[in-house]
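Trainee: Please take one part of this model, the interior, and discuss it closely.

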Amino acid sequence: MLKFLIFIGAFVLVHSGSSPHGESYLKSLSPEQLSKIPREVMEDALLDAVGLITKYGFPVEVHEVKTDDEYILTMHRIPEGKTNKGGVRPPVFLQHGVLMSSDDWIINGPEKALAYLLAEAGFDVWMGNARGNTYSRKHATLNPDKNSKFWKFSWHEIALHDLPAMIDYVLAQTGRQKLHYVGHSQGTTTFFVMGSEKRAYNNKIASMHALSPVAYMGHLKSPLVRLMAPFASSLELITSLIGINEFLPSSEFMALAANALCGEGSILVPVCTNVLFLLAGYNPDQLNTTMLPVYMAHTPAGASSRQLVHYGQEHMSKKFRQFDHGLNNFINYGSLTPPKYEPKHITAPVFLHYSDNDWLADGGDVDQLFNELGYAIGKFRVPMAEWNHLDYTWGIDAKTLIYDRVINLIWAFEL
Ligand SMILES: *[C@@H]1O[C@H](CO)[C@@H](O)[C@H](O)[C@H]1NC(C)=O
């Protein structure tokens with residue numbers, strides 16, 4: 001019963017109408033809590049991607065890309081490094097995870113965050129933003145605050161429309177035939193869907209690096225996804241009944257979920273008030289707690305409820321397949337069950353980076369994907385037992401454990 005209440009609570013969604021950035025999180029803190037935040041940290045909590053990149057002295061460009069179904073996406077580009085400038089700079093495209101944004105590739109700052117490391121290593125860095133997040137909450141005709149139709153998408157649509165539009169845009173801008181792709185979490189799911197469904201795009205990828213690959217989810221540990229999963233089919237009904245399609249859990253729900261999942265009075269409570277941690281887990285050794293206000297102010301960065309529902313369905317079915325519309329599958333697909341994605345058709349060279357304590361990408365599920373991929377070259381287990389899902393972007397040791405290797409692999413496929 002408690003589970004059901006939490007589930008209902010999850011979808012009593014509120015539209016704050018304001019940006020999920022900075023202010024709203026900081027507003028929730030008491031003056032005493034605020035006074036403890038170092039000035040530098042407070043500044044970063046309030047800056048968006050352009051503000052952050054500019055503050056740290058790197059060049060930044062903003063590009064708008066329109067998809068074939070008229071969503072308007074924002075991309076951020078760091079064309080060159082601060083010290084390593086000019087020259088032939090192969091493009092690398094970075095795609096964020098669910099409820100995240102391009103912020104997460106820069107949030108840890110120079111010499112730590114992947115986007116800066118790539119720029120200094122000699123690459124032209126492009127960061128995508130999926131439809132529905134803070135930077136891509138825009139459409140030629142649909143208003144995200146007024147038209148529920150705007151939110152009728154899952155990561156399937158991100159894979160079929162957003163990624164191809166952004167990849168083609170980068171290739172056109174740089175005059176290149178191919179780019180390197182680095183994805184985190186949903187940024188890997190969408191890549192695998194694209195490679196399976198729009199196969200011509202495999203030829204546009206020089207190499208692909210999956211940080212926490214998420215395709216099969218039969219074994220996942222995430223309490224939030226597991227909690228929602230059994231309701232994943234009726235969930236659609238409820239969200240459509242209340243007419244709200246953006247995933248924005250109410251504060252009441254978050255308090256309930258935090259207590260249920262983290263324990264009442266837990267020292268983790270600040271962390272448990274962020275839906276992203278409930279979804280993806282928490283690793284005290286790799287989380288720089290001084291930076292917590294910055295992470296909290298930039299995430300969750302927005303998504304459609306359907307993205308989460310689709311993941312819940314993956315867990316229940318243990319299959320990597322299209323959105324389950326229940327009785328409407330026949331109308332949508334002409335079959336009782338949704339069509340499966342086929343990893344064997346993904347012929348771009350792929351490297352998988354995974355870990356033992358990842359709540360969303362379990363080792364067993366990663367193995368299955370690795371065995372089915374058309375051209376999987378390497379599978380790397382992070383040599384740290386506690387390494388978690390969010391450590392790939394925020395982890396203190398992400399550079400030494402992940403990014404250095406990724407950058408070497410990219411060079412190996414460039415030269
Ligand atoms: C944690 O973040 C603070 C503020 O950005 C920084 O000064 C400190 O070096 C970081 N600690 C580690 C271990 O990275």
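Mentor: A cavity is a set of points on a 1 Å grid over the protein atoms alone where a 1.4 Å probe fits but cannot get out, and its lining residues have an atom within 4 Å of a point. The model is predicted, so local features need pLDDT of at least 70 and side-chain atom pairs pLDDT 80 or more, whereas totals for chains, interfaces and linings use all residues. Residues are numbered from 1 along each chain as its sequence is written, and side-chain values use heavy atoms, without hydrogens or water.

There are 4 cavities of 30 Å³ or more, and about 60 Å³ is the volume of the largest cavity (the space filled by probe spheres set on the joined points). Its lining consists of Phe277, Gly281, Tyr282, Asn283, Leu287, Asn388, His389, Leu390, Asp391 and Trp394. By class, 5 of these are nonpolar, 4 polar and 1 charged.

Trp394 leads on to the largest nonpolar core, a set of 79 residues in which Trp394 is one of those with the most contacts, alongside Phe93, Ile167, Tyr181, Phe191, Phe192 and Leu279. Such a core joins buried residues (under 20% relative accessible area, 1.4 Å probe) through side-chain atoms within 4.5 Å. Helix α7, a DSSP run of H or I with at least four residues, spans residues 155-174 and gives this core the most, 10 residues. Leaving aside neighbours within four places in sequence, Phe93 is in contact (heavy atoms within 4.5 Å) with Met75, Trp126, Gly128, Leu163, Met166, Val170, Leu179, His180, Tyr181 and Val182. Apart from the largest core lies another, of 33 residues, including Ala49, Ile53, Met127 and Ile402.

Conventions:
Buried means under 20% relative accessible area, exposed over 50%, partly exposed in between (1.4 Å probe, protein chains only). Helices (H or I, at least four residues) and strands (E, at least two) are DSSP runs, numbered from the N terminus. On a 1 Å grid over the protein atoms alone, a cavity is a set of points where a 1.4 Å probe fits but cannot get out, and a pocket is an open set with protein on both sides within 12 Å along at least five of seven lines; lining residues have an atom within 4 Å of a point. Ala, Val, Leu, Ile, Met, Phe, Trp, Tyr, Cys and Pro count as nonpolar, Asp, Glu, Lys and Arg as charged, and the others, Gly among them, as polar.
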